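Me: I have a structure open and would like to learn how to read it. Could you go through some features with me?

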Amino acid sequence: MRHPQRGLSALAAMASRLVACAGLVLGSLAPSSAFAAKPASATATGAAASASSGATAGVTAGTPALSYRELTWSQLVPPGWDPMKRFRDLNLGRMSDNSPRMAALMADLRDELDNAPLVEALQDDAVRLPGYVVPLQTDKDGVREFLLVPYFGACIHMPPPPANQIVLVKLAQPAKQLRAMDTVWASGVLRLDRQPSDMGVSGYRLDAARVEAYRSPPR
């Protein structure tokens, strides 16, 4: 028997999980003990010194100290962007989850999310962003690249969020203590750089000077 509302719920559920992440915050997270936290205003020299112990990703030699502006995930999304706009007038309630038309719509939505628009004004900004770790490149020295995502399970237990909600983090030095779904602050220079990976399409790249354990901002 066909369930007339299942098509609507399938597409809506996917969209709500993938798009609603823009409004998520990490203020309720318990701090991770994986790293020795340092103040965000630490100098390049201090960050590089801590990197030698594997606690944080250090600043590359010769890189000047930067003042990092704290970003929220919603600031990575252009105002007014609505990935569901083109799907709202479709009569989804009459479609089965298993129909070819529904499969095509789901593929179209995935394409919409992977090509999500970026905020051009953020190019080359020195920023600090909290999130969850999805390791990409790891060797005996530690994690060298990872995706930073705004909610637990993204790209691992759940489909990837929109590209403007995935940041590819490239570390100046490998971080030995990083694990999947660790919660961290990543600081560095933000670039607009859409990149595919096995775990999802990232819209931004962060050339990271440092990564440290997540701590809730003081209230």
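Me: Are Trp185 and Tyr214 buried or exposed in this model?

Reply: Both Trp185 and Tyr214 are buried. Keep in mind as we go that this is a predicted model.

Me: How do I describe the way two such rings sit together?

Reply: A pair of aromatic rings is described by two things, the distance of the centres and the angle of the planes. For Trp185 and Tyr214, the ring centres are 5.4 Å apart and the planes are at 15°, so this pair is stacked. The pair links distant parts of the chain, with Trp185 in strand β5 and Tyr214 in the segment after β6, 29 residues apart.

Me: What sits over the ring of Trp185?

Reply: The charged end of Arg128 does, 3.8 Å from the centre of the ring.

Me: How many aromatic pairs are found in the whole structure?

Reply: The search finds two. Besides the stacked pair there is Tyr132 with Phe152: their ring centres are 5.8 Å apart and their planes are at 80°, so the pair is edge-to-face. Tyr132 lies in strand β2 and Phe152 in the loop between β3 and β4, so parts that are 20 residues apart in sequence are tied together. Tyr132 counts as buried because its relative accessibility is 8%, and the cut-off for buried is under 20%.

Me: Why does Glu145 count as buried?

Reply: Use the cut-off again: Glu145 has a relative accessible area of 17%, so it is buried. Glu145 belongs to strand β3, which covers residues 142-149. Leaving out residues up to four places away in sequence, Glu145 touches Pro135, Leu136, Gln137, Leu168, Val169 and Lys170.

Me: How do I read backbone angles?

Reply: Most residues other than glycine have a negative phi, so a positive value deserves a look. Here Asp124 has a positive phi of about 70° although it is not a glycine, and Cys155 likewise has a positive phi, of about 75°. Asp124 is in the loop between α3 and β2, while Cys155 is in the loop between β3 and β4. Asp124 is partly exposed, at a relative accessible area of 44%, whereas Cys155 counts as buried at 7%.

Me: What span should helix α3 have, and what does the model show?

Reply: Helix α3 has 15 residues, 100-114, so at 1.5 Å a residue the expected span is 21 Å. The C-alpha atoms at its ends are 21 Å apart, which agrees. The buried residues of α3 are Met102, Leu105, Leu109, Arg110, Leu113 and Asp114.

Me: How are the elements ordered along the chain?

Reply: There are three helices and six strands, and from the N terminus they run α-α-β-α-β-β-β-β-β. Of the chain's 219 residues, 47% count as buried. Among contacts between residues at least 6 apart in sequence, 73% join residues at least 24 apart.

Me: Where is confidence lowest, and where is it highest?

Reply: Where pLDDT is low, the predicted coordinates should not be read in detail. The chain averages a pLDDT of 75, and 68% of the residues score at least 70. Confidence is lowest in helix α2, residues 44-51, at a mean of 32, and highest in strand β5, residues 183-195, at 96. Over residues 1-9 the pLDDT is below 50, and it stays under 50 over residues 18-64.

Technical notes: Residues numbered from 1 in each chain as written. Predicted model: local features only at pLDDT ≥ 70, side-chain atom pairs only at ≥ 80, totals over all residues. Heavy atoms only, no water. Helix = DSSP H or I, 4+ residues; strand = E, 2+ residues; numbered from the N terminus. Buried < 20%, exposed > 50% of the residue type's maximum accessible area, 1.4 Å probe, protein only. Contact = heavy atoms within 4.5 Å. Expected span 1.5 Å × (residues − 1). pLDDT = per-residue confidence, 0-100. Phe/Tyr/Trp six-rings, centres within 6.5 Å; stacked < 30°, edge-to-face > 60°. Lys NZ or Arg CZ within 6 Å of the ring centre and 35° of its normal.
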